[in-house]
Amino acid sequence: MLKKYYKFILPILVALIILIIPAPQGLSINAWIYFAVFMMVVIGLILEPIPGALVGLIGVGILIWLKIGPKGSGDVNHIISSKEAVNWGLAGFSNSTVWLIFAAFMLGLGYEKSNLGRRIALLLVKYLGKITLGLGYAVAIADLILSPFIPSNSARSAGIIYPIVSSIPPMMGSYPNDGARKIGSYLVWVALASTCVTSSMFFTALAPNLLAMESAVKSGFSGVTWLGWFIAFAPCGIILFLLTPYLTYVIYPPQIKGSKEASKWASLELDKMGKMSKKEYLMLFLALFALLFWIFSSVDACAVALSVMIALVIFNIITWNDLLSNKAAWNILAWFGSLITLAGGLSNVGFLSYISSICADVLSHFNSNIAFAGIIILFYLLHYFFASTTAHVSALLALFIALSANISAINLDEIVLLMLLSLGIMGIISPYGTGPSPVWFGSAYISSKDFWKLGFIFGMIYLIIFLIICIPWVSFAHSIIF
């Protein structure tokens, strides 16, 4: 009985245990209560006994009733009104970052509804798919092209790329339980690993990137533009992107080296699609419009995304009913709206400053370069304990920023940016590390043992290259990026 309901019981039990323990000296009772509720939410996000968005909303609701969370509520002698508590609880839903993510989800829906995303992927398979290695690069490039415009790597990789990739192996006698290593295993791993790289390469390629940026700015980070983000990761990202299909080819080689059947199949599918439709041309124009304004314009990114979303409906690329029925977009709106509020509350009640001062005292005994690298490595490896990048950001980012801020020898902007840039690539380390991971894992082309082994190998390769290239590059290009 308990085993059946442990996902419900454990988050509540963790909160109760924290509440039973007396608040540490130097931390107010309100801050300790907030921490208990926050940990309940984090455990709930990891176990997901109910949808993650609902977990976040429950946490916000409890804190509104308790009137803990707004600025000043860490002081038990400071009285917070019900209106102040409600305004704080709903603040995340008026956040421009949340609406930017929502609008960008609609761009992804536009790619799907217009068939432009499918056409791009099929064209790449047709022209690059005559050999297996070329097919691997075709899959990776398809994700690369779509990634700046689709902030959900689940929608991009699992929704657009997966249906195409999964159609190829059976044509060459490669099935999950029969001949998986012929070509299916190779393509599955390349597709997942590539989307992890592109999720770090572009600010708008992973929804938690936007959530993390908002949380970081509230914690003292100066912030970067879309172009600044790309410049910061580009030297590392280009190397990782070019290496991924080849490394997979060497480390986890396919048995079939040629794949002319895939090229022929893609050609036939393109023939069935016919010429580019009016909707595809319009979608291409709107996508380029958004990208150009995100990179070169001073117009707020949210304003651009909302304008494009409205245009998608006006030009009938998506319908109003499509917008209303997009459960993923509305779910992410509720989820991130509550998480942004919760993350900000940790600072408001004084919990982050308390924890960071303790950790800073410990790290101050280490060389600043060792402490710098150590913080990034720890932030990266702790992702093994999270089934979602969103939960990782919500639980750890603000804490690690506060910790870094208390070490005088560390440049806060640089270390925060490096933590943000690592969010995409860390998704490769486990079968649950990022949104599309369960889909590719569930294809059964890669055994559980091999999935964990490949995740560790590629995770360490990505981390080492990231540290070697990005740390000195971000420091050198500081004036360009920030």
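A helix is here a DSSP run of H or I with at least four residues, and helices are numbered from the N terminus. The model treated in these exercises is predicted.

**Exercise 1. Determine which helices contribute to the lining of the largest pocket, and describe that lining.**

Solution.
Step 1. The volume of the largest pocket is about 630 Å³.
Step 2. Its lining comprises 34 residues, and those nearest the centre of the pocket are Ser152, Asn153, Ser154, Ile332 and Gly435.
Step 3. At least two lining residues come from each of helix 2 (29-47), helix 5 (96-114), helix 8, helix 10 (207-218), helix 16 (327-348) and helix 19 (389-405).
Step 4. Sorted by class, the lining of the largest pocket contains 19 nonpolar, 13 polar and two charged residues.

**Exercise 2. Describe the second largest pocket by its volume, its lining residues and the elements that supply them.**

Solution.
Step 1. A volume of about 430 Å³ is found for the second largest pocket.
Step 2. It is lined by 21 residues; Phe203, Val224, Thr225, Asp300 and Ala301 are the closest to its centre.
Step 3. Helix 5, helix 10, helix 13 (278-296) and helix 14 (301-314) give two or more residues each to this lining.
Step 4. The lining of the second largest pocket consists of twelve nonpolar, seven polar and two charged residues.
Step 5. Helix 5 and helix 10 therefore appear in the list for the largest pocket and in the list for the second largest pocket, with helices taken as numbered DSSP runs.

**Exercise 3. State which residues line the largest cavity and to which classes they belong.**

Solution.
Step 1. One cavity of 30 Å³ or more is present in the structure, and the largest cavity holds about 30 Å³ of space.
Step 2. The lining is formed by Ala121, Val125, Val139, Ala142, Ile161, Ile164 and Val165.
Step 3. Helix 6 (116-128), helix 7 (132-146) and helix 8 (153-165) each provide at least two of the lining residues. Helix 8 has the largest share, with three residues.
Step 4. The lining divides into seven nonpolar residues, no polar and no charged ones.

**Exercise 4. Analyse the salt bridges of Arg118, Arg119 and Asp143: name the partner of each, and state how far apart the partners lie in sequence.**

Solution.
Step 1. The whole structure contains six salt bridges. In general, side chains of opposite charge can pair when their charged atoms come close.
Step 2. Arg118 pairs with Glu269 at an N to O distance of 2.6 Å. This pair links distant parts of the chain, since Glu269 belongs to helix 12 (residues 260-273) and Arg118 to helix 6, 151 residues apart.
Step 3. To classify the burial of these two residues, recall that buried means under 20% relative accessible area. Glu269, at 14%, is therefore buried, whereas Arg118, at 28%, is partly exposed.
Step 4. In the salt bridge of Arg119 with Glu280, the closest N and O atoms are 2.5 Å apart. Here too distant parts of the chain are linked: Arg119 is in helix 6 and Glu280 in helix 13, 161 residues apart. Both Arg119 and Glu280 are buried.
Step 5. Asp143 and Arg156 form a salt bridge with an N to O distance of 3.2 Å. Asp143 lies in helix 7 and Arg156 in helix 8, so this pair ties together parts 13 residues apart in sequence. Asp143 and Arg156 are both buried.
Step 6. Arg118, Glu269 and Lys272 are joined into one network by salt bridges that share partners.

**Exercise 5. Locate Asn316 and Ala444, and determine whether each is buried, partly exposed or exposed.**

Solution.
Step 1. Asn316 is not a glycine, yet its phi is positive, about 60°. Asn316 lies in the loop between helix 14 and helix 15 (320-324).
Step 2. With a relative accessible area of 41%, Asn316 is partly exposed.
Step 3. Ala444, also a residue other than glycine, has a positive phi near 70°. Ala444 is situated in the loop between helix 21 (437-442) and helix 22 (448-476).
Step 4. The relative accessible area of Ala444 is 38%, so Ala444 is partly exposed.

**Exercise 6. Identify the residues of the nonpolar surface patch that contains Tyr6.**

Solution.
Step 1. Tyr5, Tyr6, Phe8, Ile9, Leu10, Leu13, Ile17 and Ile21 make up a nonpolar surface patch of about 670 Å².
Step 2. Tyr6 belongs to helix 1 (residues 2-20), and its relative accessibility of 39% makes it partly exposed.

Definitions and conventions. Residues numbered from 1 in each chain as written. Predicted model: local features only at pLDDT ≥ 70, side-chain atom pairs only at ≥ 80, totals over all residues. Heavy atoms only, no water. 1 Å grid on protein atoms, 1.4 Å probe; cavity = no way out; pocket = protein on both sides within 12 Å on 5 of 7 lines; lining within 4 Å. Points joined across faces, edges and corners; volume = space filled by probe spheres on them. Nonpolar A, V, L, I, M, F, W, Y, C, P; charged D, E, K, R; others polar. Buried < 20%, exposed > 50% of the residue type's maximum accessible area, 1.4 Å probe, protein only. Patch = residues over 30% accessible without salt bridge, like charges linked within 9 Å, V, L, I, M, F, W, Y side chains within 5 Å. Areas by Shrake-Rupley, 256 points an atom, 1.4 Å probe, with all protein chains shown as cover. Salt bridge = Lys/Arg side-chain N within 4 Å of Asp/Glu carboxyl O.
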